[in-house]
Amino acid sequence: MTDTALTSGSRPIPWGRIGWLLLLGATLALGIWHGLLPWAADYPKPWVLPLAKQITTLFKASLDTLMPATRAFSAVLQVPLDFAIGLFAKGFPLGPGPDAPAIPRLSWIGIIAAVTLIGHAYGGRKVAAIAFFCFAYLAVFGQWNPAMLTLALVAVCVPVGALLGLFIGVAAYRNPRFDSYVVRPALDLLQTVPAFAYIIPILFLFGFTPVTPLIATVAFAMPPMVRATTLALHRVPAEIQEFGAMAGCTRAQLLWRILLPSAKPTLMIGVNQVIMLTLNMVIIASMIGAEGLGFDVLFALRNQKIGVGLEAGLAITALAIALDRLSQAAAEAKPALYRPGTPFHRRHPHLLLGLAILAATTLLGTFLPAFAAVPPEMTVTTAPVWDGLVKWINVNFFDYFEALRTFLLIWILNPVKLTLLNLPWLGAVLLAAYAGWRLRDKGLAMLAAGLIAFPALVGLWDKAMITVYLCFIAAVISCLIGIPLGVVATRSRWFDRVQQVVVDTLQTLPSFVYLIPVVMLFRVGDVTALIAIVAFAVTPAIRYTIHGIRQVPPHLIEAAIATGCTRGQILWRVQLPLALPEIMLGINQTILFALSMLVITALVGTRDLGQEVYIALTKVDTGRGIIAGLCVAFLGIAADRLLRAGAERFRRRLGIAARAGMG
Amino acid sequence: MALAQVPIGASAEKPAKLSCKHVWKLFGQNAESFLAGRPTPPDAAALAEAGLVGAVRDVTLDVAEGEIFIVMGLSGSGKSTLLRCLARLIEPTAGQVVFEGRDLLKASEAEMIDIRRHKMGMVFQNFALLPHLSVLDNVAFPLAIQSVPKDKRLARAREVIELVGLKGREGAYPRELSGGQQQRVGIARSLAVGPDLWFLDEPFSALDPLIRREMQTELQRLQAVLKKTIIFITHDFDEAIRLADRIAIMKDGAVIQTGTPEELVLRPATEYVAEFTRDVQRAKVMSVRSLMRPANGAGYAGTVRPEQKIAAIAAQVIEAGKPFAVADESGALLGEIAPQAVLDLLIGRGPAGA
Ligand SMILES: Nc1ncnc2c1ncn2[C@@H]1O[C@H](COP(=O)(O)OP(=O)(O)O)[C@@H](O)[C@H]1O
Ligand SMILES: [Mg+2]
């Protein structure tokens with residue numbers, strides 16, 4: 001990270017490099033001889049700030065005043081939630097008791113027909129087929145009832161999250177100060193603090209009610225909608241806004257009749273992300289009382305039932321794929337061109353047909369049970385197959401897995417862990433500050449130092465170091481796997497297609513699902529966590545590498561070919577150096593992905609900040625959860641800002657202007 | 001040659017529909033206090049030193065009722081910014097804008113909305129059509145936001161769509177139309193409310209040359225019927241010559257000359273203006289009035305009018321081989337025009353063609 005001067009003769013002294021060496025040396029010395037400066041090596045206990053306790057006290061004190069508000073809020077949200085659950089899953093009982101007559105829920109056949117029709121209306125046959133197979137999967141594999149409970153949650157969360165995000169986004173767009181001082185920092189935190197951590201205060205304020213998972217899910221899924229809204233509004237061409245003004249629109253007319261309709265495509269991308277994040281959250285939501293597929297996965301994970309867990313996990317994936325493709329198709333669909341005066345039934349044939357089928361099948365269901373619920377003899381389960389497979393692997397290959405596990409532990413995991421645990425906290429803080437200063441300026445130095453020092457200040461230094469150790473190794477392995485795969489993908493069409501499908505599927509799988517097979521093969525512990533994290537975090541490394549290599553200007557490649565470079569020379573001397581800034585951003589994303597997965601792996605027994613959050617969750621200890629969550633967020637933000645600054649520096653050195661919109 | 005006889009633009013006698021006085025628009029921090037704090041107008045160097053962009057500098061204009069007033073300048077010369085100051089889409093840093101005798105910059109938000117709804121229309125370079133609405137709904141949109149009843153606004157929209165020659169495409173969506181057709185929709189939409197003042201910001205610059213020609217002719221046809229007051233922006237001097245009653249030439253935010261095309265050609269105020277007018281075909285802009293000489297006697301082959309363009313009478317005069325009389329509407333003899341003078345002008349020789 002030094003300015004290299006290529007002028008021969010008077011070579012300037014590389015002060016930057018010397019600074020690094022001095023700092024590193026001092027840190028190592030402090031780490032090896034703890035006695036030199038004990039307070040700089042291990043953060044002294046009496047200095048720990050009791051922030052967690054104070055936050056808990058504050059929450060307890062404010063609970064009484066907030067109670068009426070939270071109660072009212074819950075009551076309002078309870079109404080649509082009950083309605084959706086009744087509509088999709090449980091029907092509407094007309095009296096007390098289980099045998100009371102009830103208005104039935106929607107027929108499963110009707111729902112499958114309806115989603116297929118929606119797919120056809122927006123995306124033609126292909127999307128219709130995807131929607132059909134995904135929902136049929138739910139029925140055939142006996143996942144219909146929990147899937148409909150999950151769908152009910154999604155059906156409430158998505159409109160609430162999308163509308164709330166839209167309103168906040170519009171407010172941020174109209175008021176730039178509100179945007180930069182309130183909305184953006186809040187979004188940054190919401191997106192880096194692990195979901196586990198902020199469901200704790202929500203749980204504390206709202207209690208174990210059916211609405212609590214809903215609120216937590218909305219908080220988790222809404223941020224992309226806010227960002228999409230402000231982005232979309234800023235992207236409406238200035239001329240269209242000016243037209244609105246010249247036509248004499250009032251402010252409200254400008255917003256509702258000009259800006260939002262013109263921004264619709266980008267807004268729909270936001271809605272799509274809300275849907276995906278909502279599904280991502282269903283397992284975590286089930287920890288605080290949500291019913292449905294998430295609960296089944298969690299149950300299976302806790303009871304080591306791999307088959308059941310995999311089926312439920314794949315059902316979430318099927319639901320995610322169906323809703324993803326449907327919402328994407330809806331976003332991309334151009335409105336059909338109706339000539340003025342077309343009658344209603346000609347304008348909306350799909351809508352009317354869908355409603356008719358839903359009504360007819362549901363009505364039939366009151367006479368024919370096969371229409372009301374999926375007949376049990378129609379369903380199959382593959383759970384025993386999976387269980388058998390794992391048993392077989394464990395019986396026949398146990399030694400190999402054990403050998404791999406031991407090798408990783410002894411030669412990689414434990415040494416890094418020990419080194420990091422022995423790292424003096426002051427040294428780490430100063431190194432972060434120095435990196436910030438070298439990469440950009442004093443501001444970044446102070447920020448990095450503050451963020452890294454925070455875990456020490458609140459007494460969580462050791463747990464933070466375990467987090468860093470897992471995250472660091474996972475990121476390194478992810479890059480070692482992902483970057484070469486990305487390179488190969490840019491050179492082989494065949495491989496590119498395969499990796500696209502795999503990466504897409506990996507990204508729609510809920511992160512918990514990764515854990516299930518790994519736990520079965522490697523038992524609980526750091527190795528399991530590491531493998532699950534790598535499986536989750538490898539995707540950005542692949543994607544950004546591909547992106548980086550593809551955006552190298554073709555004329556540079558042509559120039560290299562014309563100079564007589566071999567394919568290898570082109571890769572190493574032209575493509576990779578020019579793709580480096582993008583690859584660095586990919587590493588950045590890999591680290592953030594790893595951090596978000598890390599908290600989840602606390603379920604398989606790591607002893608890091610994730611575990612701290614998890615313990616706080618089980619105890620509903622607001623302060624402890626928030627502080628641990630902030631530690632995770634701060635580590636992530638520190639890594640993010642430093643790597644971005646690094647990528648920026650590289651870019652400037654390469655003479656490429658910063659491109660907006662990445663990452 | 002009697003250059004002094006050329007009047008100062010016929011339209012100047014009519015009342016000004018829109019005028020602006022000493023309008024400034026500076027982009028940058030604290031532009032207003034910078035401008036207010038100095039007794040004399042700052043020059044370019046002072047602006048650069050303060051880190052400000054002088055997009056519009058001290059512009060004073062009068063646009064007469066019913067004329068096509070063209071603002072011409074190269075890209076970045078401040079035309080769009082000036083237009084937006086006149087329409088008050090952006091607030092000028094200093095100066096005054098008077099529309100139909102009232103100070104536009106003092107109007108409240110509600111008053112501005114009212115003025116724009118009934119008196120102003122604007123056409124945009126990139127059309128600015130609403131992608132989610134059909135042609136009919138796009139054109140009816142300005143009426144829709146005024147809550148004009150549906151029947152009435154659709155009838156009016158059909159009327160203007162027919163006027164711009166798009167009858168039959170009412171149900172199409174913008175993305176189904178060619179650039180030229182889209183701009184016709186833009187024009188129809190801006191005419192739907194029957195504005196008095198019509199702003200056009202490079203309306204034809206995004207079109208192919210042939211289509212551009214066609215649209216210019218179309219605009220002339222419309223203007224012959226509608227007689228609006230038009231402020232038209234272009235970077236194309238030929239377009240300006242073709243359409244303008246008067247032209248203001250802008251450079252670096254300032255208007256350096258205002259006049260009829262003929263005045264600009266005959267008496268460019270600066271070398272910069274002369275550079276633009278150099279390649280203009282003189283016969284197309286010069287009128288008989290500026291080429292005639294005092295009447296000399298009898299034996300005229302015919303009579304022409306003083307405001308006719310030379311290009312329109314050249315063939316006639318040269319074929320006859322004899323001078324023509326120049327007479328005004330009442331028949332009073334003003335002078336005569338000789339074939340030699342016309343020929344000299346056409347081949348670019350002689351005093352006027354130099
Ligand atoms: N919002 C703005 N902020 C800063 N500078 C601007 C802004 N809008 C225009 N300018 C500058 O003002 C000058 C005039 O711009 P413009 O009026 O768009 O020119 P034209 O329409 O003649 O091409 C240009 O130098 C442009 O960069
Ligand atoms: Mg412009």
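**Two contacts in one model: domain to domain, chain to chain**

Hi everyone, let's start inside chain A: the C-alpha centres of its domain 1 and domain 2 lie 25 Å apart. Please keep in mind that this is a predicted model. To help you find your way, the domain assignment puts domain 1 of chain A at 158-331 and domain 2 of chain A at 398-654.

So how many residues does each domain bring to the contact? Domain 1 of chain A has 32 residues touching 30 residues of domain 2 of chain A. Together the two domains of chain A bury about 2700 Å², and 84% of that is on carbon and sulfur atoms. Three residues to look for are Phe196(A), Ile200(A) and Leu301(A): they supply 23% of the area that domain 1 of chain A buries against domain 2 of chain A, more than any other three residues.

Now for the polar side of this contact. Between domain 1 and domain 2 of chain A, the count of salt bridges is zero, and there is one residue pair in polar contact, counting pairs with both residues at pLDDT 80 or more.

Which helices build the domain 1 side? Helices H6 (176-192), H7 (195-206), H12 (264-287), H13 (293-302) and H14 (306-332) of chain A each supply at least two residues of the side that touches domain 2 of chain A. H14(A) gives the largest share, nine residues. By class, this side of domain 1 of chain A holds 24 nonpolar, six polar and two charged residues.

Let's move on to the contact between the chains. Here 30 residues come from chain B and 23 residues from chain A. The area buried between chain B and chain A is about 2400 Å², with carbon and sulfur atoms giving 63% of it. On the chain B side, Phe141(B), Ile145(B) and Arg175(B) lose the most area to chain A, together 21% of what that side buries.

How many salt bridges cross between chain B and chain A? There are two. One of them that you can look up joins the side chains of Arg251(A) and Glu109(B), at 3.2 Å from N to O. The interface of chain B and chain A also has seven residue pairs in polar contact, both residues being at pLDDT 80 or more.

In chain B, the elements giving two or more residues to the side that touches chain A are helix H4 (109-119), strand E6 (120-123) and helix H5 (135-144). That side of chain B divides into 19 nonpolar, four polar and seven charged residues.

Thanks for listening!

Technical notes: Residues numbered from 1 in each chain as written. Chains lettered and ligands numbered in written order. Predicted model: local features only at pLDDT ≥ 70, side-chain atom pairs only at ≥ 80, totals over all residues. Heavy atoms only, no water. Domains from an automatic or database assignment. Contact = heavy atoms within 4.5 Å. Buried area = accessible area lost by both parts, 1.4 Å probe. Salt bridge = Lys/Arg side-chain N within 4 Å of Asp/Glu carboxyl O. Polar contact = N/O pair within 3.5 Å; in protein donor to acceptor, adjacent residues only side chain to side chain. Helix = DSSP H or I, 4+ residues; strand = E, 2+ residues; numbered from the N terminus. Nonpolar A, V, L, I, M, F, W, Y, C, P; charged D, E, K, R; others polar.
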